[in-house]
Each structure stands twice: as structure tokens, then as C-alpha cells.
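Visitor: I have a structure on screen and would like to learn how to read it. Can we go through it feature by feature?

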Amino acid sequence: MDLRTYDPAHLRQDNGLLAKRLMPWQTLNAPFEGAWCVIEPGTASTRHAHHEYEIFIAVSGEAVLESEGERAPFSAGDVAYFPPGTDHRVVNDGTASFEMYGIWWDHDMAGTFSARHREET
């Protein structure tokens with residue numbers, strides 16, 4: 001077991017929110033990347049789109065997802081999926097922090113994972 005404990009002191013500004021990225025992690029071989037994300041009250045992540053696939057997993061609090069001209073409530077337990085090229089951002093108009101985990105992947109990450117896996121076995 002290789003456990004990473006949560007420490008808010010390790011959060012850094014990233015795409016308009018506070019985040020702690022999953023990688024680098026020396027012992028972890030995964031076909032994806034991810035980040036613990038905190039959107040403070042009255043703030044929003046930077047609207048962006050990219051070539052990776054992505055899911056957001058809402059962990060605590062409430063926010064609003066904006067994507068491709070649509071808005072939807074997003075709260076603990078919800079999971080959102082964004083195909084490549086889809087613009088998106090998270091807006092926290094509430095009075096408490098919103099926390100989520102974002103996971104993204106693409107073909108290159110899968111290939112790198114497969115190559116490392118072959119080396120390890």
C-alpha cells in the first residue's frame with residue numbers, strides 16, 4: 001500500500017481553482033491523471049476545453065457546471081463526463097467550499113501505462 005493523505009497546505013492555484021494533482025507519484029502506474037479540486041465560495045474554475053476525456057466527481061458542497069452553453073447543478077455524489085473538445089467550468093456561487101476530484105485520460109496516457117506495465121511484469 002502506498003497512501004497519500006490529504007493536506008490542504010499542498011493545494012495550489014490551477015485553472016482558477018485550488019488543486020493537488022495526482023501525478024507525479026513514483027509508485028503509481030495509471031492510464032489517467034487526476035486532481036483533488038477545491039472551488040472557494042464566489043469563485044469559478046477557468047473555462048477551458050482540451051483533447052483529453054474527463055470526469056468530475058463531486059465530493060462535498062454544491063456548485064454549478066457550465067458546459068457548451070448549458071448550466072446544471074452539481075453536488076456531492078454527482079459525476080459529470082466531458083468528451084474531448086467540450087468547454088467546461090465549475091462555478092461556486094454558494095457560501096461554502098465545493099470539493100471534487102477530476103480525472104482525465106487520452107490515448108497517449110493509456111499507451112504510456114501499457115508500456116510501463118509491460119516493463120513491470
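Guide: We will take sheets, core, two buried residues and a helix in turn. Keep in mind that this is a predicted model.

Visitor: How are the strands of the first sheet ordered?

Guide: Start with the general idea. Strands of a sheet pair through backbone hydrogen bonds, either parallel or antiparallel. Here, 6 strands form an open sheet in the order β1-β2-β3-β10-β5-β8, with antiparallel pairing. At the edges stand β1 (12-14) and β8 (79-82); each has a single partner strand, so one side of each lacks a neighbour in the sheet. From one strand to the next, the twist averages 35°.

Visitor: How many bridges join β5 to β8?

Guide: Strand β5 (residues 53-60) is joined to β8 by 4 bridges, and the two run antiparallel. Use two residue pairs to find the register. I55 stands opposite Y81 in β8. I57 has V79 in β8 as its bridge partner.

Visitor: Along β8, which side chains are buried?

Guide: The side chains of β8 alternate. A80 and F82 point to one face and are buried. V79 and Y81 point to the other face and are not buried. Thus the β8 residues named as partners of I55 and I57 belong to the face that is not buried.

Visitor: What is the order of strands in the other sheet?

Guide: This open sheet has 4 strands, in the order β4-β9-β6-β7, and the pairing is antiparallel. Its edge strands are β4 and β7 (70-75), each pairing on one side only. Between β4 and strand β9 (residues 89-92) there are 2 bridges, and these strands run antiparallel. For a landmark, find T43: its bridge partner in β9 is N92.

Visitor: Now the interior. Which residues touch the most other members of the largest nonpolar core?

Guide: The general idea first. In soluble globular proteins, nonpolar side chains tend to be buried together. The largest nonpolar core here has 17 residues. F56, L65, F74, V90, F98 and M100 touch the most other members. Elements giving two or more residues to this core are β2 (17-21), β3 (33-39), β5, β6 (62-67), β8 and β10 (98-105).

Visitor: What does V90 touch?

Guide: Skip residues up to four places away in sequence. V90 then touches I39, T43, A44, S45, F56, A63, V64, L65, F98 and M100. Two of these, S45 and A63, deserve a closer look.

Visitor: Is S45 buried or exposed?

Guide: The cut-off for buried is under 20% relative accessible area. S45 has 7% relative accessibility, so S45 counts as buried. S45 sits in the loop between β4 (43-44) and β5. Its side chain reaches the backbone nitrogen of V90 at 2.8 Å. Beyond four places in sequence, S45 touches N15, G16, L17, R89 and V90.

Visitor: And where is A63?

Guide: A63 is in strand β6. A63 is buried, with a relative accessible area of 7%. Neighbours within four places aside, its contacts are A72, P73, F74, V90, V91 and F98. A63 and D93 are 30 residues apart along the chain, yet 6.8 Å separates their C-alpha atoms.

Visitor: What span should helix α1 have?

Guide: An α-helix has 3.6 residues a turn, so residues three or four places apart point the same way. Helix α1 (residues 107-120) has 14 residues; at 1.5 Å a residue, the expected span is 20 Å. The end C-alpha atoms are 20 Å apart, which agrees.

Visitor: Which residue caps the N-terminal end of α1?

Guide: D106 does. One of its side-chain oxygens lies 3.1 Å from the backbone nitrogen of D108.

Conventions: Residues numbered from 1 in each chain as written. Predicted model: local features only at pLDDT ≥ 70, side-chain atom pairs only at ≥ 80, totals over all residues. Heavy atoms only, no water. Pairing = 2+ DSSP bridges. Axes fitted to C-alpha atoms, helices over the stretch in contact; angles between N-to-C directions. Core = buried A, V, L, I, M, F, W, Y, C linked by side-chain atoms within 4.5 Å. Buried < 20%, exposed > 50% of the residue type's maximum accessible area, 1.4 Å probe, protein only. Contact = heavy atoms within 4.5 Å. Polar contact = N/O pair within 3.5 Å; in protein donor to acceptor, adjacent residues only side chain to side chain. Expected span 1.5 Å × (residues − 1).
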